[in-house]
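Please look over the chain shown here before reading the points that follow. They are meant for someone who has not seen it before.

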Amino acid sequence: MKQISLYSDGSSLGNPGPGGWGTILEYKGQEKEFSGGNPMTTNNQMELLGVIQGLKALKEPCSVHIISDSTYVVKGINEWLTGWVKNGWKTAAKKPVKNCELWKEYLEVSKQHTIEATWVKGHAGHEHNERCDILARTEAEKLR
């Protein structure tokens with residue numbers, strides 16, 4: 001199974017407002033960049049959409065290491081998602097899960113892969129995270 005690193009970041013100017021996401025897929029030293037935007041969105045939506053779009057770009061089942069500065073995405077994947085599904089898309093506080101449709105899409109596009117998610121501190125000089133941040137902000141700026 002191919003070992004893929006998926007770096008991703010999201011941005012929203014205004015939160016909500018114009019937003020963008022940036023993703024880098026890395027395999028054996030080769031990298032591909034992806035980015036996109038939405039004229040009215042939130043930071044969390046763009047953070048999650050970047051991961052979704054990166055996973056959609058994979059053509060076969062892979063072992064994917066997701067690296068993100070989004071606590072929301074990393075904890076969602078590693079800690080919260082199983083409970084949300086089990087509780088009918090309700091949080092521990094019995095409230096509807098925010099961005100439920102995106103999380104359902106994540107489940108669909110991730111099911112063929114083995115996923116590991118790791119949090120990195122944003123704006124701390126992590127090369128790929130900084131590049132994803134630039135991609136995301138550039139897309140958001142285009143929509144301003």
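The points below go from the whole chain to single residues.

1. Status and layout. The model is predicted. The chain contains four helices and five strands. Read from the N terminus, these elements follow the order β-β-β-α-β-α-α-β-α.

2. Overall dimensions. The C-alpha trace covers about 40 × 40 × 25 Å along its principal axes. The radius of gyration is 15 Å, and a compact globule with 144 residues would have a value near 15 Å, so the chain agrees with that expectation.

3. Burial and contacts. Of the 144 residues, 47% count as buried. Among contacts with a separation of 6 or more, 66% are between residues 24 or more positions apart.

4. Surface and charge. The accessible surface of the chain is about 7700 Å², and carbon and sulfur atoms account for 51% of that. The chain has 18 positive and 17 negative charges, and the mean positions of the two sets lie 8 Å apart.

5. Ser5. Is this residue, in strand β1, buried or exposed? Ser5 counts as buried because its relative accessibility is 18%, and the cut-off for buried is under 20%. Leaving out residues up to four places away in sequence, Ser5 touches Ile24, Leu25, Glu26, His65 and Ile67. Of these, Ile24, Leu25 and Glu26 fall within the range of β2, residues 17–27. Ser5 and Ala117 are 112 residues apart in sequence, yet their C-alpha atoms are 9.9 Å apart. Ala117 falls within the range of β5, residues 114–119.

6. Ser12 and the loop after β1. Strand β1 runs over residues 2–12 and includes Ser12. With a relative accessible area of 13%, Ser12 is buried. The side chain of Ser12 reaches the backbone nitrogen of Asn15 at 3.3 Å. Beyond its neighbours within four places in sequence, Ser12 is in contact with Gly17, Pro18 and Gly19, and also with Thr41, Thr42 and Asn43. Asn15 is in turn joined to Pro16 by a cis peptide bond, with omega about 10°. Pro16 sits in the loop between β1 and β2. Most peptide bonds are trans, and a reader may therefore wish to look at this bond in the model.

7. Lys28. Where does Lys28 lie? Lys28 is placed in the loop between β2 and β3, the latter being residues 30–41. Its phi is positive, at about 50°, although Lys28 is not a glycine. Most residues other than glycine have a negative phi. Lys28 is exposed, with a relative accessible area of 69%.

8. His123. This residue also has a positive phi without being a glycine, with a value near 55°. His123 belongs to the loop between β5 and α4, where α4 covers residues 127–142. At 58% relative accessibility, His123 counts as exposed, because the cut-off for exposed is over 50%. Which residues does His123 touch, not counting those up to four places away in sequence? The residues are Asn129, Glu130 and Asp133. His123 and Asp133 are 10 residues apart along the chain, and their C-alpha atoms are separated by 8.4 Å.

9. Ser35. Strand β3 holds Ser35. The relative accessibility of Ser35 is 31%, and it counts as partly exposed. Not counting residues up to four places away in sequence, Ser35 touches Trp21, Gly22, Leu135 and Glu139. With Glu139 there is also a polar contact between the two side chains, at 2.8 Å. Ser35 and Glu79, by contrast, are 44 residues apart in sequence and 27 Å apart in space, C-alpha to C-alpha.

10. Asn99. The loop between α2 (71–86) and α3 (100–110) contains Asn99. Which side chain is joined to that of Asn99 by a polar contact of 3.0 Å? The partner is the side chain of Gln45. Leaving aside residues up to four places away in sequence, Asn99 touches Asn44 and Tyr72 as well as Gln45.

Note on methods:
Residues are numbered from 1 along each chain as its sequence is written. This is a predicted model: local features need pLDDT of at least 70, side-chain atom pairs count only at pLDDT 80 or more; totals for chains, interfaces and linings use all residues. Side-chain values use heavy atoms; hydrogens and water are left out. Helices (H or I, at least four residues) and strands (E, at least two) are DSSP runs, numbered from the N terminus. The radius of gyration is taken over C-alpha atoms; the globule rule is 2.2 Å times the number of residues to the power 0.38. Buried means under 20% relative accessible area, exposed over 50%, partly exposed in between (1.4 Å probe, protein chains only). Contact means heavy atoms within 4.5 Å. Accessible areas come from the Shrake-Rupley method with a 1.4 Å probe; for residues, only the protein chains shown count as cover. Lys and Arg count as positive and Asp and Glu as negative; His and the chain ends are not counted. The place of a charge is taken as NZ of Lys, CZ of Arg, CG of Asp or CD of Glu. A polar contact is a pair of N or O atoms within 3.5 Å; within protein, one must be able to donate a hydrogen and the other to accept it, and residues adjacent in sequence count only if both atoms are side-chain atoms.
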